[in-house]
Amino acid sequence: MDIDFLRLAGTPDIQLCSASWQACAPSQEPAMSARRKYLIAALIALLWGAAMLAAFWWFEARYLRTFEGERAELFSGDALRLPAELQGPGPVRFVHFWDPGCPCNVGNQQHLQELLQRFAGQPVDFYEVRKPGSKGRLPQPLAALKPLDGLIGAEQLPASPAVGIWDQSGELVYIGPYSEGAVCTSDNSFVEPILDAVLAGRKVRATHSLAVACFCDWQR
């Protein structure tokens with residue numbers, strides 16, 4: 001009687017076909033399964049590499065292209081105006097211009113916190129203007145700064161962080177950086193002497209300033 005098919009015991013990958021007892025080809029399933037695993041692993045590695053490259057490009061576009069570190073910038077306050085409700089006589093008005101994505105904020109915000117503490121209880125109102133189109137908020141220690149939607153002429157600012165100071169008559173007396181140099185502290189700050197002079201009733205006029213400091217582009 002012919003034997004159509006027989007599998008040898010203990011050798012599941014070798015089959016005997018028909019009465020001639022010829023060995024059939026080994027099963028291809030294990031090889032195909034291993035190849036499929038390699039393809040899946042290669043695809044995952046490729047996707048991971050693409051994600052890392054995209055993340056690097058995003059970081060470069062957001063920070064490296066707009067942040068050049070210490071550089072010179074020229075500020076002019078000719079077109080800068082307070083909102084109508086803040087114009088005219090009143091307390092000294094301090095306006096902080098900032099970009100949530102700027103690395104220069106690290107040192108600047110510590111200095112700003114020191115300013116809030118130093119001038120607490122004095123007739124100085126603190127405000128903040130965020131870069132148009134950006135998202136973010138100041139840390140909790142700076143929550144006392146009142147947000148403004150924007151100022152007329154603010155779009156002409158060259159860089160941030162920056163500060164504008166209006167005296168008791170509502171006249172702009174200073175626009176520019178907080179200090180000169182890569183690190184912003186009270187030791188090299190322009191702001192404290194100006195605020196002290198204005199509060200003492202002395203005349204100050206520094207609406208055009210050129211300084212080398214840590215800046216990020218303000219204009220989009």
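## A tour from the core outward

Start with the largest nonpolar core, which has 23 residues. Select Phe94, Ile165 and Val191: these touch the most other members. Keep in mind that this is a predicted model.

Next, colour the elements that give two or more residues to this core. The strands are β5 (92–98), β6 (124–130), β9 (162–166) and β10 (172–176). The helices are α2 (105–118) and α3 (191–199). Which element should you pick out among them? Choose α3, which supplies the largest share of this core, five residues.

Now centre on Ile165. What is it in contact with, leaving aside neighbours within four places in sequence? Show Val92, Arg93 and Phe94 first. Then add Glu171, Leu172, Val173 and Tyr174. Finish with Val191, Ile194 and Leu195, which are also in contact with Ile165.

Move on to a second, separate core. This one has 20 residues. Select Val95, Ala159, Ile175 and Ala213, which are among them.

Zoom out and switch to a cartoon view. The protein chain has three helices and eleven strands. Trace the chain along the sequence and you will follow β-β-β-α-β-β-α-β-β-β-β-β-α-β.

Turn to contacts across the whole chain. Take those with a separation of 6 or more: 73% of them come from residues 24 or more positions apart.

End at the surface. The protein chain exposes about 13,100 Å². Carbon and sulfur atoms supply 59% of that area. Of the 220 residues, 37% count as buried.

Definitions and conventions
Residues numbered from 1 in each chain as written. Predicted model: local features only at pLDDT ≥ 70, side-chain atom pairs only at ≥ 80, totals over all residues. Heavy atoms only, no water. Helix = DSSP H or I, 4+ residues; strand = E, 2+ residues; numbered from the N terminus. Buried < 20%, exposed > 50% of the residue type's maximum accessible area, 1.4 Å probe, protein only. Contact = heavy atoms within 4.5 Å. Areas by Shrake-Rupley, 256 points an atom, 1.4 Å probe, with all protein chains shown as cover. Core = buried A, V, L, I, M, F, W, Y, C linked by side-chain atoms within 4.5 Å.
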